[in-house]
Amino acid sequence: PELLFVAASFSNWHGLDLLLDAMERDSAHCSLHLVGSLPDALARRCCDDARIQIHGPLGTNELTGVMRSAWCGISSFALYRQGMSDACTLKVREYLDGGLPVYAGHRDAGLPESFPYFRNGPVDLAEILSFAFASRSASRAVVKAAAAPFISKVSLLSRLYGDISRLF
């Protein structure tokens, strides 16, 4: 299974350090692709694990290539470091738009709790891989179509317009 974690620049609230801790505790066979700029200390830790590939910042076409092999997108695990427990991140929308199910350590305010292709769970490699394997049976087209009502700008603006119209 291949996991993808993207950030323009990995910050404390992304919780990459927590994911690296989890990978150090579990030697399960997998691959983690990191896209974006990493602080030196985290980059050094990544070099100690052959399962981790650091791609650095990538352009759209290059990122699309990495996404093609990924089974699951990874989102933030440490929003609590910013005093947050929920988010509605662009990263999650981009993963879903690319047909990737998403595993994160936070609730997504824009997705229903029952949405099958987003999992809010602990920073535990076994849990992450279990979700990746369970989601693998869904094609990218199915994931993208299921997410469309919650991530499509047309759908979101249409719903907003309807809500505003009912108020006035």
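**Salt bridges, helix packing and a nonpolar patch**

Let me start with one pair: aspartate 86 forms a salt bridge with arginine 107, and the closest N and O atoms of the two are 2.5 Å apart. This pair links distant parts of the chain, since aspartate 86 sits in strand β5, residues 86-87, while arginine 107 sits in strand β7, residues 107-108, with the two positions 21 residues apart in the numbering. I should say at once that what you have in front of you is a predicted model, and I would ask you to keep that in mind for everything that follows.

How accessible are the two partners? Aspartate 86 has a relative accessibility of 30% and therefore counts as partly exposed, and arginine 107, with a relative accessible area of 35%, is partly exposed too.

A search of the whole structure finds eight salt bridges, and I will go through some others. In one of them the side chains of aspartate 97 and lysine 144 meet, with an N to O distance of 3.6 Å. Because aspartate 97 belongs to helix α4, residues 90-97, and lysine 144 to helix α6, residues 140-151, this salt bridge ties together parts of the chain that are 47 residues apart in sequence. Aspartate 97, at 42% relative accessibility, counts as partly exposed, and lysine 144 is also partly exposed, its relative accessible area being 40%.

The next pair lies within a single helix. Aspartate 163 and arginine 166 meet through their side chains in a salt bridge of 2.4 Å, N to O, and both residues lie in helix α7, three residues apart, which is about one turn of the helix. Are these two partners buried, partly exposed or exposed? Aspartate 163 is at 37% relative accessibility, so it counts as partly exposed, whereas arginine 166, at 65%, counts as exposed.

Staying with helix α7, which covers residues 153-167, we also find leucine 167 there. With a relative accessibility of 68%, leucine 167 counts as exposed. Leucine 167 is one of the residues in a nonpolar surface patch of about 620 Å², which is made by Leu157, Leu160, Ile164, Leu167 and Phe168.

Now to the packing of two helices. In general terms, two packed helices are described by the angle between their axes and by the distance between those axes. Here helix α1, residues 16-25, packs with helix α2, residues 40-47, at an angle of about 20 degrees, and the two axes are 11 Å apart. An angle under 35 degrees is counted as roughly parallel, and α1 is therefore roughly parallel to α2. As for handedness, α1 passes α2 in a left-handed crossing. While we are in this part of the chain, I would also point out that Asp21, Glu24 and Arg45 are linked in a network of salt bridges.

Finally, I would like to turn to three buried residues, each taken together with a second position along the chain. Alanine 70 is found in the loop between α3, residues 60-69, and β4, residues 72-74, and with 1% relative accessibility it counts as buried. How far apart are the C-alpha atoms of alanine 70 and leucine 4? They are separated by 6.0 Å, although the two residues are 66 residues apart along the chain.

Valine 35 has its place in strand β2, residues 31-37, and with a relative accessible area of 4% valine 35 is buried. The C-alpha atoms of valine 35 and glycine 99, which are 64 residues apart along the chain, are separated by 18 Å.

The last of these is methionine 67, which is placed in helix α3 and which, at 13% relative accessibility, counts as buried, the cut-off for that class being under 20%. Between the C-alpha atoms of methionine 67 and alanine 109, which are 42 residues apart along the chain, the separation is 24 Å.

Methods
Residues are numbered from 1 along each chain as its sequence is written. This is a predicted model: local features need pLDDT of at least 70, side-chain atom pairs count only at pLDDT 80 or more; totals for chains, interfaces and linings use all residues. Side-chain values use heavy atoms; hydrogens and water are left out. Patches are made of residues with over 30% relative accessible area and no salt bridge: like charges are joined within 9 Å, nonpolar side chains (Val, Leu, Ile, Met, Phe, Trp, Tyr) within 5 Å. Accessible areas come from the Shrake-Rupley method with a 1.4 Å probe; for residues, only the protein chains shown count as cover. A salt bridge is a side-chain nitrogen of Lys or Arg within 4 Å of a carboxyl oxygen of Asp or Glu. Helices (H or I, at least four residues) and strands (E, at least two) are DSSP runs, numbered from the N terminus. Buried means under 20% relative accessible area, exposed over 50%, partly exposed in between (1.4 Å probe, protein chains only). Axes are lines fitted to C-alpha atoms, for helices over the stretch in contact, and angles run from 0 to 180 degrees between N-to-C directions. Angles under 35 degrees count as roughly parallel, over 145 as roughly antiparallel, 65 to 115 as roughly perpendicular and the rest as oblique. A crossing is left-handed if the near helix is turned anticlockwise from the far one by less than a right angle, and right-handed if clockwise.
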